[in-house]
Amino acid sequence: MTQTAVAPSAKSDKPPKSASPLARLRDPSWYQRYGVYVAVAVVLLFNALFTEHFMTADNFRTQLVQVAPIVIVALGMALVIGTEGVDLSVGSTMALAAAFLPLYLGYGLVPALVVSLLAGAVVGAVNGALVSLVGLQPIVATLALFVGGRGLALVMADGQLKQIVNPDLLSLGTGSFLGIPLVVWIAGVLAVAVAFLVQRTTFGRQVVAVGGNRSAAALAGLPVKRVLIGVYVICGVLAALAGILATARLTASDPSSLGTLMELSAITAVVVGGTPLNGGSVRVLGTVAGALLMQLLRATLVKHDLPDSTAQIAQAAIIIAAVYVARERRSR
Amino acid sequence: MAPPEAVPQAPEAAGDTVSAVLEARSVSKRFPGVVALDDVSFSLRAGETHALVGENGAGKSTLIKVLTGVYRPDGGELRMTGEPVRFARPFEAQQAGISTIYQEVNLVPLMSVARNIFLGREPRNRFKLIDFARMHRETSELLDGFGVRVDPRRPLHTLGVGTQQMVALARAVSVNARVVIMDEPTSSLEPREVETLFRVIGNLRDKGIAVLYVSHRMDELYRICDRVTVLRDGRHIHTGDLADLDRMQLVSMMLGRDLSEVRRSGVTSFAAEGHEAARTPVLTATGLSSRLQLHDISLSLHGGEVLGLGGLLGSGRSETAKALSGALPLDAGELTVDGTTLKRLTPAAAIRAGISLLPEDRKAEGIVPGLSVRENIVLAAMPRLSRAGVVSRARQDRIVDIFMKRLRIKASSPEQKVGELSGGNQQKVLLARWLCLEPKVLLLDEPTRGIDVGAKAEVQSLIDDLAGEGLAVLLISSDIEELIEGADRIVVLRGGAVAGELTGDDVAEARLLEVLADHAPEPAGPAPAAQEDPR
Amino acid sequence: MNETKPFTAAPAPVPDKTPAVRPAGPESAGRLRVAELLQRQGVLAVLLTVVIAASFIYPTFASLDNARGVTIQASFLAVVALGMTLVIITGGIDLSVGSVFALGGVLAAWASQYGFLAALLLPLVVCGGIGLLNGLLIARGNMAPFIVTLATLLGARGLLLALTDEGATTYLVPKDSAFGELGQGSVWGFGYPIVIALVLFGAGGLVLQRTSFGQTLFAVGGSSDAATLMGLPVARTKILVYTLSGLLAGLAGALNAARLSSGVTIVGVGMELDAISAVVIGGTLLVGGAGSISGTLWGVLLLAVIQNLINQIGSLNSSYQSVVSGGFLIVVVVAQRYLARSRRST
């Protein structure tokens, strides 16, 4: 409602008063930022008290392994959402990477990995180009890749499931280091890397600025197009990586079903983790926590013999709650 | 609740029930930390054209928002034809007969003229379906009454701003407005459209509709308004006939400065003496052209000088500034900085060459609200302050500290979100952003718009200092006094082309207004002598 | 170069065509309308071209039987896309329609044992209710449509699973029931669902173009602020439009169940994206404020024809359909973008 040129020049110059802990609880922005951690803690506590065999190393390992691919994809998604975009094609990219893998394993593990990751990068580059150079909306651009990507993956794989027998790849999926599965290590390292990228590198700060105010960023000489293409490429590569790891774990390349609905899980993790949909801020730790929360929720329900349907409904409710606390307030 | 009669400073206002169609009685409005309106009373008579003036921050826009139901007053009340009224939302004010025309037309751009005018009250046929034939016919009749001929089926966004405003006015009239509030209506209009607007206002007067005209353009006010109300610092200062007040008196009332002081030292904080310009230009622009927006613009900027860029809004000043900073795609033209011609014109290239632009709209193109003061300041300088792509906090902190002190930016800490700062401080943050690049050329587009009086003075002195230090400054301002007193030399634009240049003693209000209003649709008299080709 | 020079008497000539005001002559308005027509009916043109070309190349394509098959398959997506069009015109989006479609089918199949009316009403009530919930959260809760409908997508499917023992139970529509006839019967060889879809599209087009509600949809999508200022019931309209979307998705699902004689639980996954594709291809702007019902119809048919063609071409892998659809979407949207750009500069 800012129609006239002059807003009431009445913005207070005084800094916000430091709030007492109780007052802070009433501040909605606090919930947006820290709510997800509280929720994770609550779920853990509940399980510690009421769920058998929950607080075991075995269980933790299982949970972390299951959530790792989602975390990896969500990291890329968080970057894209930080620029006020979205990437619906991540699931199809996973499938595409899975389709490429068996075709090049004959040349060795490394070439196959490189090709698959490259496929992800190419998908990301196409997305990024459509968004930044052609000016398409992210939903539409990535929607097209979503539709076309899986089709391409199926075409390449002749619609068939292929067994993976390459021992190096299999060990990537099932191996452990210091008792922690490799996939979890990879997810962890990537989370730290992306956090560093966002907080401490020029590129990361540029991502946040582009999402916060694109025109201002452009006028300040930031390479907006390059930044946009960059985030989609990163997202594509991470999705491809997740596809590779998932394939390794499944010991089979299944492009027809791999990654289905992954975009939903990733977006959910990002949103629940407190990253705003209209860009300007990327919460990496929050995203990881968001993915963990959804995973733990599902696991809790399963362990208490509650059906999948309940899990989905609960997920829906959590998303609504997360967005509710994050919504824009209309001032009067 | 309302005080009975005479408010000391405005004897006419409160007791004026002579056909007062709209009245504000002792209206107050407070925001956290500031009182925007303090016990303001004023009344509007049917059929009059009433000017509302005041500096930025005087409370004009807050008063309008109270009158139109956007805000609810914390104190006092509103009355229409004597009856107290309360508006819970803007629509209720509209229902009561108060319509508003803003600079940014508040209609639906993608919909047609006719649909916009009749939105919400479409004429129906027998089957309760919309009767488009009738809608188009009535629209044409309405607009013809204003002397505006336009195809009612055209989408609104394909029309010029002036015509869009006519459509908005037509809608206001057709919903039986009794009061039309116009907020800076001519800022985007061509002189021709301004004439049309004034004629329409005359029409409204004949219909007995009151017009509240908010503008800082003295000429227009004196031409079409009957009475004037002056606000300053949220208080009502004066209401009276315009005929009884000369311009300097009006200005001094707006500023709260003594008349003689205003005559002597000017109304702004710019130093009275000009600046010493360097001999050779730092920046030379030749033949800048951008389809439909700029036509063969050539000018030069010298270090140590403040070059004013004058013209009505829509004359291409902001576009010129954007072109000079690489932010406007050009069809033709060249930029030379210190003798080197720039090959590619992008904001990044311009920044590298030492050109910085402070854009007009700091909200849309300036600040990144979610980021801190520090990050906003270093936004453009980030690559220089990083090592191998990694941000160096130490370097950033040092720069931020220097500039926060120099520009006196008031924030709780450099980490405060810049969106929380006042307009004036936000503007200073943006200035810091550009200054920390140590530019050779600083392009300022409306640097003091929408900021409080104190910050305005600081910015103006800063501009003086920067020019004194040898910077080449381009100053765009719709504040005539600011332009006159701040600039050493003024280039005037009209319709996207250079219309003239003022130097020396010609840099004065009368002269500038002359050039601005000068209008040459038909060649009057002998054709102009062959233009000296200066480029 | 340009030294300070005194003010010259005659200012530089003002260019005749000023950028802001365009002549309101018939020619430029006409040119605008051509561009708009092209954008809107461009899809129709492409559709006709493809159909005609395919009829010549693949004789099996041009048969009446095939036409009936294609159109009946498309009719369900069409009904869903109709609701999606209205939502998108208001500047929103509804990702939950796929789940709601499936839910509608399950509910209809289950209720069909209680008669025709029950089989139709139950899905409408429940799915309309879900749409209402979407609308309330979006309009009154002031939350982003993308995320709200994403949540409902999950919630509705969860509900679906809960009602069918986690997807294990498939309710069957009684043989020879009136409800089954609704899905399988036909008039002149064209199934009832096709007729229903056409009737709904006709009504939808009328509502959109010729009623205040339709105008309000465009206004809300074009400029929600302006609409509020003009006193239009913005919140109420949004709630209504999401409810409609839910109703239509539920109806489509019920019809689908009638056709299949069972409430298949795995349908509808990704259907929302098909609907969005059809709407976008049909020329409706994703940002809202402009669009057409007929465009969506052509978009749906185009997608169905492509799928059919790919099936016809026996040698091609059916996965190619996705690739072609995806490519199509890109081409259409990019073309729209360039059309829009050139329009702005005339």
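How many Å should the 27 residues of helix 11 (residues 224-250) of chain A span at 1.5 Å a residue, and how far apart are its end C-alpha atoms? Keep in mind, while selecting, that this is a predicted model.

Begin in chain A by selecting residues 224-250, which make up helix 11. The expected span of this helix is 39 Å, and because its end C-alpha atoms are also 39 Å apart, the two values agree. If you then show the surroundings of helix 11 of chain A, you will find that 23 of its 27 residues are buried, so the helix is largely enclosed by the rest of the structure. Step past the end of helix 11 of chain A to Thr251(A), the residue that follows, where phi is positive, near 55°.

Next, select the whole of chain B, in which there are 20 helices and 22 strands. Of the 535 residues in chain B, 54% count as buried, and when contacts with a separation of 6 or more are considered in this chain, 69% of them join residues 24 or more positions apart.

Finish in chain C with residues 234-260, which form helix 10, and pick out Leu244(C) within that helix. Leu244(C) has 21 other C-beta atoms within 10 Å, and because the cut-off for a buried residue is 20 or more, Leu244(C) counts as buried. Leaving aside residues up to four places away in sequence, Leu244(C) touches Gly83(C), Leu86(C) and Gly131(C). To close the tour, draw a distance from Leu244(C) to Gly131(C): these residues are 113 apart in sequence, yet their C-alpha atoms lie 6.9 Å apart in space.

Conventions:
Residues are numbered from 1 along each chain as its sequence is written. Chains are lettered from A and ligands numbered from 1 in the order in which they are written. This is a predicted model: local features need pLDDT of at least 70, side-chain atom pairs count only at pLDDT 80 or more; totals for chains, interfaces and linings use all residues. Helices (H or I, at least four residues) and strands (E, at least two) are DSSP runs, numbered from the N terminus. A residue is buried if 20 or more other C-beta atoms lie within 10 Å of its own, exposed if 12 or fewer, and partly exposed in between; C-beta atoms are placed from the backbone. Two residues are in contact if their C-beta atoms, placed from the backbone, lie within 7 Å. The expected span of a helix is 1.5 Å times one less than its number of residues.
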